[in-house]
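Subject: Structure for your files

Hello,

Here is the structure I promised to pass on. My notes on what turned up in it follow below.

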Amino acid sequence: MISNSEQVTYEFARDLAGRLTIPAHILLYGDLGAGKTLFAKGLAEGFGVADVDEVSSPTFTLINQYAGSVKIYHIDLYRIEIGALDGLGLEDIFDDPHAVVIIEWAERLGNFPVPDATRVFLSYVDDRSRKIDLC
């Protein structure tokens, strides 16, 4: 789909959350500024986070956790070398059967296995518009 505004991207993500089953693993791909964090905020609202203003990119903390209708892990791998995941506890996070896992910069997972993941690719069309592909 083509999104012509941040609001459309946000609403698309919010609505997507309502169609996913738990546990849900959502992998976000895209260049800097493509809308990954905005998409994560929309997902968070869709999963019942009351105050989405608290949802921010965990670039320095690496992992944020939010309470919604389910537990939500929001992970940002921007500062991580591809595949250098030791010590993050991702195995335990992905094994939680009652959680949502949202990963920004998912390409940095390398060969880390993520079964049944929803992959979201965000790319620039122009300054305001983004192409959103789901796999």
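A salt bridge here means a side-chain nitrogen of Lys or Arg within 4 Å of a carboxyl oxygen of Asp or Glu. By that rule Lys131 and Asp133 form a salt bridge, because their closest N and O atoms are 3.7 Å apart. Please keep in mind that this is a predicted model.

Salt bridges

The structure holds four salt bridges. Side chains of opposite charge can pair when their charged atoms come close. In the bridge described above, Lys131 is partly exposed, with a relative accessibility of 37%, and Asp133 is partly exposed as well, at 29%.

Two further bridges involve Arg14. One is to Asp15, where the closest N and O atoms are 3.4 Å apart. The other is to Glu45, with 3.9 Å between the closest N and O atoms. This second pair links distant parts of the chain: Glu45 lies in helix H2 and Arg14 in helix H1, 31 residues apart. Arg14, Asp15 and Glu45 are thus linked in a network of salt bridges.

As for how open these residues are, Arg14 is partly exposed because its relative accessible area is 26%, which falls between the limits of 20% for buried and 50% for exposed. Asp15, at 40%, is also partly exposed, and so is Glu45, at 32%.

Nonpolar core

Which residues touch the most other members of the largest nonpolar core? They are Ile26, Phe39, Leu43 and Phe47, out of 25 residues in that core. At least two residues of the core are supplied by each of helix H1 (6-17), strand E2 (24-29), helix H2 (36-46), strand E5 (99-104) and strand E6 (118-124). The largest share comes from H1, which gives five residues. Helices H1 and H2 therefore appear twice in these notes, since both supply residues to the core and the pair Glu45 and Arg14 links H2 with H1.

Surface charge

A patch of negative charge sits on the surface, where Asp86, Glu91, Asp92 and Asp95 gather. Asp92, one of the four, is found in helix H3, which covers residues 90-95. Is Asp92 buried or exposed? Asp92 counts as exposed, because its relative accessibility is 62% and the limit for exposed is over 50%.

Regards

Key: Residues numbered from 1 in each chain as written. Predicted model: local features only at pLDDT ≥ 70, side-chain atom pairs only at ≥ 80, totals over all residues. Heavy atoms only, no water. Patch = residues over 30% accessible without salt bridge, like charges linked within 9 Å, V, L, I, M, F, W, Y side chains within 5 Å. Areas by Shrake-Rupley, 256 points an atom, 1.4 Å probe, with all protein chains shown as cover. Lys, Arg positive; Asp, Glu negative; His and termini not counted. Charge placed at Lys NZ, Arg CZ, Asp CG, Glu CD. Helix = DSSP H or I, 4+ residues; strand = E, 2+ residues; numbered from the N terminus. Buried < 20%, exposed > 50% of the residue type's maximum accessible area, 1.4 Å probe, protein only. Core = buried A, V, L, I, M, F, W, Y, C linked by side-chain atoms within 4.5 Å.
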